Amino acid sequence: MQKKKVIIMHPGESRTAVIAIHSIKNEKFTIESAEYLLIYMKDKAEESTGVCNIKEHDIEALISPQKRGTYTLDIRYAVLDEILIEHIEVKVV
């Protein structure tokens, strides 16, 4: 089981969330595209979306949550014929 990813932020901050993608088969691959969705969990409302920056095997999403509380940051990316989604919990305290 993977360790749960959590980002702690303060109101008014902007942060770049970065995930590193690795091949479990140690094969070469290219990340074709990536986008993010930031969801405020209290009312399940979509707060922001956007296109991520891709740097080799790292995916970056610049987020700026507007309210205190818990968010889910979903990073959706394409590698070959697969679409994968990485979930990150964001807490604004």
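A salt bridge is a side-chain nitrogen of Lys or Arg within 4 Å of a carboxyl oxygen of Asp or Glu. The exercises below apply this and related ideas to the structure shown above, which is a predicted model.

**Exercise 1. Determine whether the side chains of K55 and E60 form a salt bridge, and state how far each residue is covered.**

Step 1. Side chains of opposite charge can pair when their charged atoms come close.

Step 2. In this model the N to O distance for K55 and E60 is 3.6 Å. The cut-off is 4 Å, so the two side chains meet in a salt bridge.

Step 3. For the cover of each residue, buried means under 20% relative accessible area and exposed means over 50%, with partly exposed in between. K55 has a relative accessible area of 49% and is therefore partly exposed. E60 has a relative accessibility of 17%, so E60 counts as buried.

Step 4. The wider surroundings of E60 can now be described. E60 belongs to strand β6. When neighbours within four places in sequence are set aside, E60 is in contact with T16, A17, V18, C52, N53 and K55.

**Exercise 2. Describe the open sheet that contains β6: what is the order of its strands, and which strands stand at its edges?**

Step 1. Strands of a sheet pair through backbone hydrogen bonds, either parallel or antiparallel.

Step 2. The sheet has 3 strands in the order β2-β6-β5, and the pairing is antiparallel.

Step 3. The edges are formed by β2 (15–20) and β5 (53–55); each has a single partner strand, so one side of each is left without a neighbour in the sheet.

Step 4. From one strand to the next, the twist averages 25°.

Step 5. The pairings may be taken in turn. Between β2 and β6 there are 6 bridges in the antiparallel sense, and T16 has L62 in β6 as its bridge partner. Between β5 and β6 (residues 58–63) there are 3 bridges, again with antiparallel strands. On this side of the sheet, N53 has E60 as its bridge partner, while K55 stands opposite D58.

Step 6. The hairpin of β5 and β6 has 2 residues between the strands, and within this hairpin E56 takes a positive phi near 60°.

**Exercise 3. Identify which residues are linked to E89 in a network of salt bridges, and explain which parts of the chain the pair of K4 and E89 ties together.**

Step 1. The side chains of K4 and E89 meet in a salt bridge, with an N to O distance of 2.6 Å. K4 lies in the segment before β1 and E89 in strand β8 (residues 82–92), so this pair ties together parts that are 85 residues apart in sequence.

Step 2. E89 also meets K91 in a salt bridge, at 3.4 Å from N to O. K4, E89 and K91 are thus linked in a network.

Step 3. The cover of these residues is as follows. K4, at 60% relative accessibility, counts as exposed. K91, at 33%, counts as partly exposed. E89 has a relative accessible area of 14% and is buried.

Step 4. Across the model, the count comes to 6 salt bridges.

**Exercise 4. Examine strand β1: which residues lie on its covered face, and which on its uncovered face?**

Step 1. The covered face of β1 holds I7 and M9, whereas the uncovered face holds V6 and I8.

Step 2. β1 pairs with β8 in the parallel sense over 4 bridges. In this pairing, M9 stands opposite V92 in β8.

Step 3. I8, found in β1 (residues 6–9), has a relative accessibility of 42% and therefore counts as partly exposed.

Step 4. V6 and I8 form a nonpolar patch on the surface together with V93; the three residues have about 230 Å² of accessible area together.

**Exercise 5. Locate D43, and state what distance separates its C-alpha atom from that of E32.**

Step 1. D43 lies in the loop between β3 (31–40) and β4 (45–51).

Step 2. D43 has a relative accessibility of 45%, so D43 counts as partly exposed.

Step 3. D43 and E32 are 11 residues apart along the chain, and their C-alpha atoms are separated by 32 Å.

Conventions: Residues are numbered from 1 along each chain as its sequence is written. This is a predicted model: local features need pLDDT of at least 70, side-chain atom pairs count only at pLDDT 80 or more; totals for chains, interfaces and linings use all residues. Side-chain values use heavy atoms; hydrogens and water are left out. Two strands pair if DSSP finds at least two bridges between them. Axes are lines fitted to C-alpha atoms, for helices over the stretch in contact, and angles run from 0 to 180 degrees between N-to-C directions. Patches are made of residues with over 30% relative accessible area and no salt bridge: like charges are joined within 9 Å, nonpolar side chains (Val, Leu, Ile, Met, Phe, Trp, Tyr) within 5 Å. Accessible areas come from the Shrake-Rupley method with a 1.4 Å probe; for residues, only the protein chains shown count as cover. Buried means under 20% relative accessible area, exposed over 50%, partly exposed in between (1.4 Å probe, protein chains only). Contact means heavy atoms within 4.5 Å.
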